[in-house]
Structure formats: C-alpha cells, structure tokens
Amino acid sequence: MRGLFVTGTDTGVGKTVLSAALIIRYPGARYWKPIQTGADDDTAEVLRLSESSRDAAYFHGVRLPDPVSPHLAAQRANIRIDLGTHIAAPKQSDAAWIVEGAGGALVPVNESDLIVHLMERLGLPVVIASRTTLGTINHTLLTIEALRARRLSVAGVVMIGDPDPDNRRAIEHYGSVPVLGEMPRFEAFTAAALRKWAAGSLDPENRLQEFLQ
Ligand SMILES: Nc1ncnc2c1ncn2[C@@H]1O[C@H](COP(=O)(O)OP(=O)(O)OP(=O)(O)O)[C@@H](O)[C@H]1O
Ligand SMILES: [Mg+2]
C-alpha cells in the first residue's frame, strides 16, 4: 500500500479535515477510514469537504455505533476487532491512500492491539494532526516518540487552530520533524475555505509529493 496514515494527538483534533485537505492538495489520492466509531461518518465528510465522488473512498472497515474507543465500542457490540481479518487494505495498487486512524496513536482496538499496530501492519509514513494551543508541544512530541519507538516514519505535523509560531518552532526543533502547515480555525468552515487553504498553504515544499503522487 502507498500513501500516508493520518493520526492525531487526540480525538477531535482535525484528522478528518486534514485528510480532506490532503486530497484537495494531492488530487487522485483516495481516502480510507478502517475503524469508525460513533454516528459521525468521516468518509462522507471527507468526500463532502474535498468535493470528491464516491470513487475517491474505500468503504470497507469496522463500523461501530458507540462514540467511544474502538476496543470499548467493539466490546459493547459483542465483537473483537481483529486487525488481520476485519481490516483488509484496499487492493488497487495504483492509488495513493490517505488512511485516517481513530483517536490517537495509542488508542486500543482490542485487548492487546493499539492503533499504532494497525499503522505497523500498513507500513505507511505518518502525518500527525496536532493543536496549536498550549499543551501541544508535549502531546505532539509524545506522539512522535510513540511512532518512532515502533520504527514508523513521521512525514510531518500539521497544526490546527490559531497559529502559534513559538509552538511550531518547538515542535520542529524538539521533534526533528517538519510542520507542513498551520490551518487556521475558519469562522465559516466551508469546503471553499478549506480548498483555498489546502491549495495555497498545505505542504508548500511538496514534501508529501513522493507519497501521494
Ligand atoms: N480549521 C478548522 N476550522 C473550523 N472548524 C474546524 C477546523 N478543523 C476542524 N474543525 C472542526 O472540528 C471538529 C473536529 O474535526 P475533525 O472531525 O477533523 O477531527 P478528528 O480528529 O477527525 O476527530 P475524530 O477523532 O472524531 O475522527 C469538526 O467538527 C470539524 O469540522
Ligand atoms: Mg475523524
């Protein structure tokens, strides 16, 4: 499989919005959400925000109704998520994929596996969505350490919220990682606003091109 895995320093940090922005920035890249819990449908949201047709997504995966961690949502649905049997990667070898995790890197999916083990199986470089606000240095560096401890490659960080140049510099310095963009909090959060930002301000140095084209 070719592409990037999008994780976050937390749930609700902006992984889905970033995934849509990456598809806008690198047209032709396709989206996959292997584990979805709760009523939100990240796949539909990515297609809506990136103004893509259904062909741009892969719909296979584990879908659980409770809006909690996958291990718990699965327990409540009386199933056990098995990374080997339930989560089959798409076969189309020509496509580049944006794969969105659930929550952050160390979120459990069953009694022994975490999202980071799914990342290891897929073997994709990882992009981290992080906040811009106080606390983000610690959360982002912890995420980077957890990924590198498993020999996963960190392609970069995208910060979401009102830009904070000091936090950006600290993440780049202490994390030895590029920040590929700072997505402001949009007053009116529309597909058009996201498109404008993604086209002009996401990954201006084309660092992700090798993974997504
Ligand atoms: N730059 C932004 N401006 C305004 N609203 C935003 C922005 N980025 C994200 N949001 C909003 O914040 C919420 C959380 O974003 P998003 O769904 O992308 O997070 P997530 O990390 O994918 O969450 P989950 O862990 O549930 O998958 C959404 O309602 C989204 O529309
Ligand atoms: Mg999401």
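User: Which element gives the largest share of the lining of the largest pocket?

Analyst: This is a predicted model, where local features need pLDDT of at least 70 and side-chain atom pairs pLDDT 80 or more, while totals for chains, interfaces and linings use all residues. Residues count from 1 along each chain as written, chains are lettered from A and ligands numbered from 1 in written order, and side-chain values use heavy atoms, without hydrogens or water. H1 (15–25), E3 (35–37), H2 and E6 each supply at least two lining residues (helices, H or I, are DSSP runs of at least four residues and strands, E, of at least two, numbered from the N terminus). The largest share, four residues, comes from E6.

User: How many residues line that largest pocket?

Analyst: Thr11, Gly12, Lys15, Asp40 and Asp42 lie nearest its centre. A pocket is an open set of points on a 1 Å grid over the protein atoms alone, where a 1.4 Å probe fits, with protein on both sides within 12 Å along at least five of seven lines; lining residues have an atom within 4 Å of a point. The lining residues number 27.

User: Which residues are the protein donors of the magnesium ion (ligand 2)?

Analyst: Donors are N, O and S atoms within 2.8 Å of the metal (3.2 Å for Na, K and Ca), and the site may look incomplete because water is not among the atoms. Here they lie 2.0 to 2.2 Å from the ion. They are Thr16 (OG1), Asp42 (OD) and Glu100 (OE).

User: How far apart in sequence are the parts that Asp42 and Glu100 tie together?

Analyst: Asp42 lies in helix H2 (residues 42–49) and Glu100 in strand E6 (residues 97–104). So the pair ties together parts separated in sequence by 58 residues.
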